[in-house]
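Q: Please take a close look at the largest pocket in this model. How many nonpolar, polar and charged residues are in its lining, and which elements supply them?

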Amino acid sequence: MEGQGLTITEMRCYMSREMGKNSWALLLLMLAGIVVGGFLGYLARDVSWLSWLNYGQEFSVGSSANGYFTLNLGVIVINFGLSIKITVASIIGVIVSILIYRKL
């Protein structure tokens, strides 16, 4: 019986690995929910009774109109920009992905 137990350090390492896997799975499911929800909202934009799914707000750092953040190194020019559009469909996708994660 003495050789079968885990020490506290071993238990913490095991638990952190398991929690890490779960958090990565949740993150991937949430990203998939955002992408699928956004895609379905985009498809529903022309359907009159489903157009509300594409309602949302866009947040961006740098834009093509105002110019991206540019890093000019002489040989290489790098443009930085980030744009996030949150829609009702993407929020529903995140909620569904969290529910799926809880069922797993």
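A: Sorted by class, the lining of the largest pocket has nine nonpolar and five polar residues, and no charged ones. The model is predicted, and the values below are computed from it.

The lining is made up of 14 residues in total. Those nearest the centre of the pocket are G33, V36, G37, G93 and V96. Because Gly is counted as polar and Val as nonpolar, G33, G37 and G93 fall in the polar class, while V36 and V96 fall in the nonpolar class. The volume of this pocket is about 180 Å³.

Two helices each supply at least two residues of the lining: helix 1, residues 8–43, and helix 2, residues 88–103. Helix 1 gives the most, with seven residues. G33, V36 and G37 lie within the range of helix 1, and G93 and V96 within that of helix 2.

The order of the elements puts these two helices in context. The protein chain has two helices and four strands, and from the N terminus on they run α-β-β-β-β-α. The two helices that line the pocket are therefore the elements at the two ends of that order, with the strands between them.

Some C-alpha separations show how residues of helix 1 stand relative to residues far along the chain. L29 is in helix 1, and its C-alpha atom is 9.4 Å from that of G93, a residue 64 positions away in sequence. G93 is also one of the residues nearest the pocket centre. L26, likewise found in helix 1, has its C-alpha atom 7.2 Å from that of I98, although the two are 72 residues apart along the chain. A25 belongs to helix 1 as well; A25 and Y101 are 76 residues apart in sequence, yet 7.9 Å apart in space, C-alpha to C-alpha. By their numbers, G93, I98 and Y101 fall within helix 2.

None of these three residues of helix 1 counts as buried, because buried means under 20% relative accessible area. L29 counts as partly exposed because its relative accessibility is 23%. L26, at 24%, counts as partly exposed, and so does A25, at 33%. Across the 104 residues of the protein chain, 12% count as buried.

Toward the end of helix 1 there is a contact between a charge and a ring. The charged end of R45 sits over the ring of Y42, 3.9 Å from the ring centre. Aromatic pairs, on the other hand, number zero in the structure.

Between the helices, strand 2 (residues 69–72) and strand 3 (residues 77–80) run antiparallel and are joined by four bridges. L71 has I78 of strand 3 as its bridge partner. The hairpin of these strands has four residues between them, and there G74 takes a positive phi near 90°.

To return to the pocket: its lining has no charged residues, and helix 1 is the element that gives the most to it.

Key. Residues numbered from 1 in each chain as written. Predicted model: local features only at pLDDT ≥ 70, side-chain atom pairs only at ≥ 80, totals over all residues. Heavy atoms only, no water. Phe/Tyr/Trp six-rings, centres within 6.5 Å; stacked < 30°, edge-to-face > 60°. Lys NZ or Arg CZ within 6 Å of the ring centre and 35° of its normal. 1 Å grid on protein atoms, 1.4 Å probe; cavity = no way out; pocket = protein on both sides within 12 Å on 5 of 7 lines; lining within 4 Å. Points joined across faces, edges and corners; volume = space filled by probe spheres on them. Pairing = 2+ DSSP bridges. Buried < 20%, exposed > 50% of the residue type's maximum accessible area, 1.4 Å probe, protein only.
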